[in-house]
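Here are my notes on this model, set out point by point. Please read them with the structure open.

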Amino acid sequence: MAELIENILPIDVANAALNALRPDGNEIEYGQYYGFKEGGKVVVPLPRLMAFQASIDAAGDSPWYRCKLALVPQNKINYMPWTPTIEKIKDAVEQRTGETWNLAHIIYYRDGDDSMGMHSDSMLDLMPDSRIAVVSFGCTRQMELMKKSRSTEDGPRKMKFDLMHNSVFLLDQKTNTHYLHGITKQAENRTEDRISIVFRYVSTFMTDHGLFYGHELPFVSKQDIVQHESRRTMYHYIFSVLVTSFILFVFTAFIPNWIKLFVGIILCYLVIQFSRQIERVIDKYRTRNANEQLRKVCHMKNIEVWNQRDMRDFLK
Ligand SMILES: O=C(O)CCC(=O)C(=O)O
């Protein structure tokens, strides 16, 4: 069930965090992001500023969270490594709740006119049973939850939570499946700003070659990818030597050996390049399959998935 915990940090630490995370605190570089309107026909600026951080490993692999935001061509989402204040907040909230998170969306609501429409979070890449944490600093804003029309779950049709300075709201995946949530505009509160840090524990990762690994994917771990790549390199070499030997044997029976050696080296190089190109096409196909597989898993679990058009756009 969703839960709200107040006074998550010592108050002086929370006040310092609010100042550090404001745009003029120079720790976070917020950007303007865009969303689709009218069934995807119009792109409009979102009424809030955002920044993105995640646990990035030494090889540059980053957790990978698919959400509608990533589909808007104008949005270039870049997960940056943790900055000191965000990492401090993450550690403190993890200690207090016993949860773990590896990715954060940091949202700056400039005043009561900034808001977030009713939606539910994509759960495609979330670690099963992990909760989403919304840590709030600054002006109190209201989180509204509304039961989805197709939900057959018992429970209130509407819920409201005041997200106070220095609080954390924990949203479990079951509530996210049955309810929409959002931050409504607050006309009487036009001047005060608010920062929310939305932490998620994502179990899908992307390597710098664009291969995915994680639970429910063909590659479960990075180790699987490393083994796959070394097997693949060996196949490239064997394939190239066989093809080159065959070509030399058939077409160059009567030419001197030193020319054969020279032509052989060049041919080998060309065949390796050619087989790498073929591998790239196969990789693209595998990635597509991985996404298809994730989609099917999500359907089985009856959780929200992207529609076919979203998937196609993402895979372009
Ligand atoms: O900013 C907030 O408090 C809510 C954020 C949220 O709902 C989301 O990122 O999905």
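**Notes on the core, the sheets and the ligand shell**

1. Start with A133. This is a predicted model. Sequence neighbours within four places are set aside here; beyond them, A133 is in contact with V93, E99, W101, V168, L170 and F199. The cut-off behind each contact is 7 Å between C-beta atoms, placed from the backbone.

2. Next, the core around that residue. A133 is among the residues with the most contacts inside the largest nonpolar core. The others named with A133 are A104, I106, V134, V135 and I197. This core has 48 residues. Which strand gives the largest share of the core? Strand 5, residues 103-109, does, with six residues.

3. Now the seven-strand sheet. The sheet is open, and its strands run in the order 1-10-7-12-5-3-2. Pairing is antiparallel. Strand 1 (3-5) and strand 2 (31-37) are the edge strands, and each pairs on one side only. On average, neighbouring strands of this sheet are turned by 30° against each other, direction ignored.

4. Look inside that sheet at strand 7, residues 132-138. Strand 7 pairs with strand 12 over six bridges, in the antiparallel sense. S136 is set opposite S196 of strand 12. Helix 1, residues 11-21, lies across both strand 7 and strand 12. The helix runs at about 90° to strand 7.

5. The ligand comes next. Its surrounding residues are H105, I107, M116, D121, V134, M143, L163, H181, I183, S196 and V198. Two of these names have come up already. V134 is one of the residues with the most contacts in the largest nonpolar core, and S196 is the residue opposite S136.

6. How do the residues of the shell divide into nonpolar, polar and charged? Seven are nonpolar, three polar and one charged. Strand 5, strand 11 (179-183) and strand 12 (194-200) each supply at least two residues of this shell. Strand 5 is thus worth a second look: the largest share of the core also comes from there.

7. Last, the three-strand sheet. This one is open too, with the order 4-13-14 and antiparallel pairing. Why is one side of strand 4 and of strand 14 left without a neighbour in the sheet? Strand 4 (62-63) and strand 14 (212-214) stand at the edges, so each has a single partner strand. Strand 4 and strand 13, residues 204-206, pair over two bridges in the antiparallel sense. In this pairing, P63 is opposite F205 of strand 13.

Key: Residues are numbered from 1 along each chain as its sequence is written. This is a predicted model: local features need pLDDT of at least 70, side-chain atom pairs count only at pLDDT 80 or more; totals for chains, interfaces and linings use all residues. Two strands pair if DSSP finds at least two bridges between them. Helices (H or I, at least four residues) and strands (E, at least two) are DSSP runs, numbered from the N terminus. A nonpolar core is a set of buried Ala, Val, Leu, Ile, Met, Phe, Trp, Tyr and Cys residues joined through C-beta atoms within 7 Å. A residue is buried if 20 or more other C-beta atoms lie within 10 Å of its own, exposed if 12 or fewer, and partly exposed in between; C-beta atoms are placed from the backbone. Two residues are in contact if their C-beta atoms, placed from the backbone, lie within 7 Å. A residue is near a molecule or strand if its C-beta atom, placed from the backbone, lies within 6 Å of it. Ala, Val, Leu, Ile, Met, Phe, Trp, Tyr, Cys and Pro count as nonpolar, Asp, Glu, Lys and Arg as charged, and the others, Gly among them, as polar. Axes are lines fitted to C-alpha atoms, for helices over the stretch in contact, and angles run from 0 to 180 degrees between N-to-C directions.
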